[in-house]
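Trainee: I would like a close look at one part of this model, with its surroundings taken into account. Please go through it in one connected answer.

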Amino acid sequence: MRHARRELWFEVPQRRAYLNITPEVEVFVRESGIIEGLRLVNPMHITAAVYVNDDEQGLIADIDDWLERLAPHEPVAQDRHNNGEDNADAHLKRQLMAPRSCSRSPTAGSTSAPGSRSSTPSSTAADASACCSRRSASSR
Amino acid sequence: MRHARRELWFEVPQRRAYLNITPEVEVFVRESGIIEGLRLVNPMHITAAVYVNDDEQGLIADIDDWLERLAPHEPVAQDRHNNGEDNADAHLKRQLMAPRSCSRSPTAGSTSAPGSRSSTPSSTAADASACCSRRSASSR
Amino acid sequence: MRHARRELWFEVPQRRAYLNITPEVEVFVRESGIIEGLRLVNPMHITAAVYVNDDEQGLIADIDDWLERLAPHEPVAQDRHNNGEDNADAHLKRQLMAPRSCSRSPTAGSTSAPGSRSSTPSSTAADASACCSRRSASSR
């Protein structure tokens, strides 16, 4: 069975950032030549998350406020993980974002045998986004 | 390799509803004829979630209260995404529910080679449920 | 296509415990002889979760406090699921932990054809942990 893998790396200057990585994922899938299959987008840092939702600035502001309300950064001293680090909240925020995305290329038919091909282009209902903290801005 | 895909659509009158979709998923798997494999149940709306937990009315009431406590609907004006819409909370509630389900058909043995078949029927430890908001009651 | 499956069972005396199960998963993958593929680690109890994060005692204490703050055990009578049981909070805590882990064995190259093999050993960016409640301390 064919498979493909690519490392995407991101660097952000802020403590937190929300990046729409759907175009890069789509380019990779197209270049892989794979028509049918599972697409797993896994964040490789434990203060980062890959999630699927609207790339709309109002919603991103709501998500950011909400993450800060449920897993606040301050006071830094409240967290026992912050022993030489100050990113305990980012480990918790990651858990809230249900960190990985798995989807399947849609097909024209409902069941197909090995070797069958679909001409339906891949489409996503929403954007795959990476929620990065400053300390985990890269993905591999 | 064989694969199968089916779109399940749901319409609910309420703003939120909890549907047990395990029977429909099981019918689909049976009809696909696939004995071994991964089963991905992905919600195709970004205010919906597929989760695995007890289909017990007390628990569902607890989950519903809890979602409302952590990501309240009111006041609608608090959310910047609610610009012509009023469902920002549903986008957040979706994230809390860890939105997709992935499982594997159990087998009799622990390791098997291509072409091997198991006669053990598929069983799930719990029910797969779809948590739908009114605006995203369909799944495809 | 080859596949392999193993049941891992855990018993813990406490109401909640955080177990690092990465070594057992790695042993299983090595013994399976599978070099390339997807690795799904699914908790088979609905008050347990498998998550990927740091196995650091400060962080685990922070996670435990945080789970208790967002989905408190007491008062037990607040939850309608606690009708002969007292673990409604564990069902909610499970949802917060984004319950399953899916990852892929890394490869040396980015795309490979069927039958290709990578000599790069499997490595994980972080530890896979099982968050168990007393009533659901086993995984199968």
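Mentor: What follows starts from the salt bridges around helix 2 and then moves to other parts of the chains. The model is predicted, and every value below is computed from it.

Over all chains, the count comes to 26 salt bridges. One of them joins A:Arg16 to A:Glu68, with 3.4 Å between the closest N and O atoms. This pair links distant parts of the chain, since A:Arg16 sits in strand 2 (residues 16-20) of chain A and A:Glu68 in helix 2 (residues 57-70) of chain A, 52 residues apart. A:Glu68 is partly exposed, at a relative accessible area of 25%.

Another salt bridge involves helix 2 of chain A and a second chain. The side chains of A:Asp65 and B:Arg80 meet at 2.3 Å, N to O. A:Asp65 belongs to helix 2 of chain A, while B:Arg80 is in the loop between helix 2 (57-70) and helix 3 (88-96) of chain B, so this pair joins two chains. Both ends are partly exposed: A:Asp65 has a relative accessibility of 38%, and B:Arg80 has 46%.

Chain C has a salt bridge between C:Glu68 and C:Arg16, where the closest N and O atoms are 3.4 Å apart. Because C:Glu68 lies in helix 2 of chain C and C:Arg16 in strand 2 (residues 16-20) of chain C, the pair ties together parts 52 residues apart in sequence. C:Glu68 is partly exposed, with a relative accessible area of 26%. Back in chain A, salt bridges that share partners join A:Arg16, A:Asp64, A:Glu68, A:Asp89 and A:Lys93 into one network.

Helix 2 (residues 57-70) of chain C also holds C:Gly58. At 11% relative accessibility, C:Gly58 counts as buried, because the cut-off is under 20%. Leaving aside residues up to four places away in sequence, C:Gly58 touches A:Arg80 and A:His81. The C-alpha atoms of C:Gly58 and C:Asp86 are 27 Å apart, for a separation of 28 residues along the chain.

Helix 3 (residues 88-96) of chain C is mostly covered, with nine of its nine residues buried. Among them are the charged residues C:Asp89, C:Lys93 and C:Arg94. Just after helix 3 of chain C, C:Ala98 takes a positive phi of about 50 degrees.

Strand 5 (residues 101-104) of chain C is covered on both faces. C:Ser101 and C:Ser103 are buried on one side, and C:Cys102 and C:Arg104 on the other. Strand 5 of chain C pairs with strand 3 (residues 38-41) of chain C in the antiparallel sense, over four bridges. Within strand 5 of chain C, C:Cys102 stands opposite C:Leu40.

Turning to the cysteines, a search of the whole structure finds zero disulfides over all chains. A:Cys102 is in no disulfide, and the nearest cysteine sulfur, that of B:Cys102, is 5.3 Å away. A disulfide would need the sulfur atoms within 2.5 Å. A:Cys102 is buried, at 9% relative accessibility, and B:Cys102 is likewise buried, at 9%.

Last, the chain starts. A:Met1, B:Met1 and C:Met1 form a nonpolar patch on the surface, with about 360 Å² of accessible area together. B:Met1 lies in the segment before strand 1 (3-4) of chain B and is exposed, with a relative accessible area of 54%.

Notes. Residues are numbered from 1 along each chain as its sequence is written. Chains are lettered from A and ligands numbered from 1 in the order in which they are written. This is a predicted model: local features need pLDDT of at least 70, side-chain atom pairs count only at pLDDT 80 or more; totals for chains, interfaces and linings use all residues. Side-chain values use heavy atoms; hydrogens and water are left out. Buried means under 20% relative accessible area, exposed over 50%, partly exposed in between (1.4 Å probe, protein chains only). Contact means heavy atoms within 4.5 Å. Patches are made of residues with over 30% relative accessible area and no salt bridge: like charges are joined within 9 Å, nonpolar side chains (Val, Leu, Ile, Met, Phe, Trp, Tyr) within 5 Å. Accessible areas come from the Shrake-Rupley method with a 1.4 Å probe; for residues, only the protein chains shown count as cover. A salt bridge is a side-chain nitrogen of Lys or Arg within 4 Å of a carboxyl oxygen of Asp or Glu. Two strands pair if DSSP finds at least two bridges between them.
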